[in-house]
Amino acid sequence: MSAADSSVNPSASLAPTHNPDAVWAQCCEKLRAELPEQQYNTWIRPLPPAELQRDGDTTVLNVRVPNRFILDWIRTQYSARLEGILAEVVDGAIRLDISM
């Protein structure tokens, strides 16, 4: 979420257990259990599948959103919890990158 986030090396390989679809699905399921249905359906469910990349020893989960309003809302309302869930789901260091 900083300028350093753009320095991710997309050619670095991920551990076989880090399937982007599975990681994102697990995160979404945990959020679904925590959030009121309307909030989940409005803000989390419409997000496209995330991408995983490596940046040195850190796994980076890239979530793309369609516009600035959603970007700001997801960052302020859900990014901290998403990062916490990611730490539970993925072994090792992980960083969340939300962008348009």
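Which residue in strand 2 does E51 stand opposite? The views below are of a predicted model, in which local features need pLDDT of at least 70, side-chain atom pairs count only at pLDDT 80 or more, and totals for chains, interfaces and linings use all residues. Residues are numbered from 1 along each chain as its sequence is written, and side-chain values use heavy atoms, with hydrogens and water left out.

**View A. Pairing of strand 1 with strand 2.** E51 stands opposite N62 in strand 2. Strand 1 and strand 2 (residues 58-64) are antiparallel and share five bridges. Strands (E, at least two residues) and helices (H or I, at least four) are DSSP runs numbered from the N terminus; two strands pair if DSSP finds at least two bridges between them.

**View B. The open sheet and helix 4.** Three strands in the order 1-2-3 make up the sheet, with mixed pairing. Strand 1 (51-55) and strand 3 (94-99) are at the edges with a single partner strand each, so one side of each lacks a neighbour in the sheet. The twist from one strand to the next averages 30°. Helix 4 (residues 79-89) packs on the sheet, where it touches strand 2 and strand 3, and its direction makes about 145° with that of strand 3. Axes are lines fitted to C-alpha atoms, for helices over the stretch in contact, and angles run from 0 to 180 degrees between N-to-C directions.

**View C. Surroundings of L61.** Neighbours within four places in sequence aside, L61 is in contact with V23, W24, A50, E51, L52, L86, R95, L96 and D97. Contact means heavy atoms within 4.5 Å.
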